[in-house]
Amino acid sequence: MEELGLSEATMRVRRGLKWHRYPDDILPAWVADMDFDVAEPVQAAIQRVVEQRDYGYTWREGEASLEVAFAERMQARFSWTVDPARVQPVVDLNQAVTALILAFSEPGDGVVAQTPLYHPFLQTILGCGRRVIPNPLRDDGERLVLDVNGLERVARPPARILLICNPHNPSGRVLEREELQAIGRAAVANDLIVICDEIHADLVYEPHRHIPIATLSDEIAARTITITSATKSFNIPGLRCGVMHFGSPELQARFSRAIPSRLLGHPSGIGIDATIAAWRQGQPWLESVMRQLTINRDLVAAWAASIPSLRHHPPEATFLAWLDLSELELPGSSAHELFLQRARVALNAGQDFDVSGRHQCVRLNFATSSRILNQMLDRMTEALRSPTDPHLSNSESPLGVRS
Ligand SMILES: Cc1ncc(COP(=O)(O)O)c(C=O)c1O
């Protein structure tokens with residue numbers, strides 16, 4: 001198989017956030033962007049707009065609309081029948097979550113989050129003046145699973161919304177039918193709204209299967225807003241285009257009454273055309289990306305297994321690895337800081353994914369070439385071997401090996 005992954009030089013010439021936020025001696029494995037070129041049909045769709053200099057207000061109807069393309073994609077991938085009239089385009093999913101929280105809760109209400117959770121969502125809940133009600137995922141020894149008892153305890157006032165991320169970022173879990181049913185039950189029993197982010201649904205490894213929560217039952221769908229986009233799986237996050245799907249006309253009408261429509265803006269023509277090209281013609285490309293990601297996921301798992309006491313459950317989806325180093329008793333303020341300073345590798349800091357703690361966890365983005373990934377992992381091993389600073393807790397390396 002031909003290895004995928006752009007070179008460091010190519011990535012540094014581009015003007016993406018991932019490769020520019022930190023100094024040039026740092027290898028970035030943080031924000032969820034892939035170091036892979038986009039699918040040719042996506043590039044062709046963008047080129048068409050550029051060649052025609054077609055930059056006026058967009059008009060995309062019927063087959064050329066995002067709503068119809070989304071409905072087709074859901075049918076083809078998940079046998080989920082979607083009415084395009086229930087679909088609302090958005091610029092990005094953080095915008096969608098913000099608008100949905102404002103529409104379906106009041107200041108001071110609670111939003112239940114399965115922590116650790118994709119950090120901008122926690123910031124959004126707090127930024128909207130709502131409370132984060134954590135229901136931490138439980139480590140069952142093999143993976144992080146939904147704490148169903150915990151959910152039943154917290155899924156009641158002041159909670160008004162269950163914010164679900166499935167596949168889950170950062171754990172990479174693909175929630176199983178029983179877990180989704182428990183969420184649906186809790187929502188129905190307590191009259192809660194479900195916001196379900198399914199942006200990673202196309203990045204699922206064999207033998208796991210993504211189930212859109214809105215397919216469980218009409219009763220659950222009627223209180224569910226599903227949000228998604230092509231931006232993660234097809235590596236076009238800078239093009240800013242996504243969708244919200246309302247599980248019933250009543251839910252959609254409630255949203256429209258609460259949020260002035262112009263607040264949502266509109267995705268650009270380039271974003272729409274690229275998304276449609278990705279969904280309709282990007283599958284072969286996605287399959288080659290999944291082959292590379294599988295190799296990289298296994299590299300990370302083997303590396304993690306070589307570090308005594310590091311806890312890691314290989315993801316069932318996503319290109320993100322959640323690494324828990326809390327049993328290593330690392331020196332310094334956080335694992336993120338240690339790897340940044342000593343390995344010169346930028347990961348996401350675990351503490352951002354929870355309302356308390358997780359300083360000894362990090363999230364690693366492995367969507368890069370195996371070469372760059374190996375370089376990062378080697379540097380991280382070295383960082384764990386090197387002696388601690390004299391003023392920190394002890395003079396041994398975090399691995400317990402004197403060097
Ligand atoms: C779970 C999840 N939801 C949403 C997003 C981002 O969505 P957007 O860029 O459309 O705001 C990300 C990006 O990494 C993500 O991982």
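This passage looks at how the ligand is held in a predicted model, and then at the residue M34. Residues are numbered from 1 along each chain as its sequence is written, and side-chain values use heavy atoms, with hydrogens and water left out. As the model is a predicted one, local features need pLDDT of at least 70 and side-chain atom pairs count only at pLDDT 80 or more, while totals for chains, interfaces and linings use all residues.

The ligand sits in the largest pocket. A pocket here is an open set of points on a 1 Å grid over the protein atoms alone, where a 1.4 Å probe fits, with protein on both sides within 12 Å along at least five of seven lines; "sits in" says that more than half of the ligand's atoms lie within 2 Å of its grid points. Around the ligand there are 13 residues, and L93, N94, N169, D197 and K232 are the closest (a residue is near if one of its heavy atoms lies within 4 Å). Sorted by class, this shell has 6 nonpolar, 3 polar and 4 charged residues.

Next come the contacts. A polar side-chain atom of H200 is 2.9 Å from an oxygen atom of the ligand. For K232, a polar side-chain atom also lies 2.9 Å from a ligand oxygen. In R240, a side-chain N or O atom is 2.9 Å from an oxygen atom of the ligand. Taken alone, the ligand exposes 400 Å², and the protein buries 94% of that (Shrake-Rupley method, 1.4 Å probe).

As for M34, its place is the loop between β1 (27–28) and α2 (40–51). M34 counts as buried because its relative accessibility is 3%, where buried means under 20%. M34 and F234 are 200 residues apart in sequence, yet their C-alpha atoms are 8.8 Å apart in space.

How values were computed: A polar contact is a pair of N or O atoms within 3.5 Å; within protein, one must be able to donate a hydrogen and the other to accept it, and residues adjacent in sequence count only if both atoms are side-chain atoms. On a 1 Å grid over the protein atoms alone, a cavity is a set of points where a 1.4 Å probe fits but cannot get out, and a pocket is an open set with protein on both sides within 12 Å along at least five of seven lines; lining residues have an atom within 4 Å of a point. Ala, Val, Leu, Ile, Met, Phe, Trp, Tyr, Cys and Pro count as nonpolar, Asp, Glu, Lys and Arg as charged, and the others, Gly among them, as polar. Helices (H or I, at least four residues) and strands (E, at least two) are DSSP runs, numbered from the N terminus. Buried means under 20% relative accessible area, exposed over 50%, partly exposed in between (1.4 Å probe, protein chains only).
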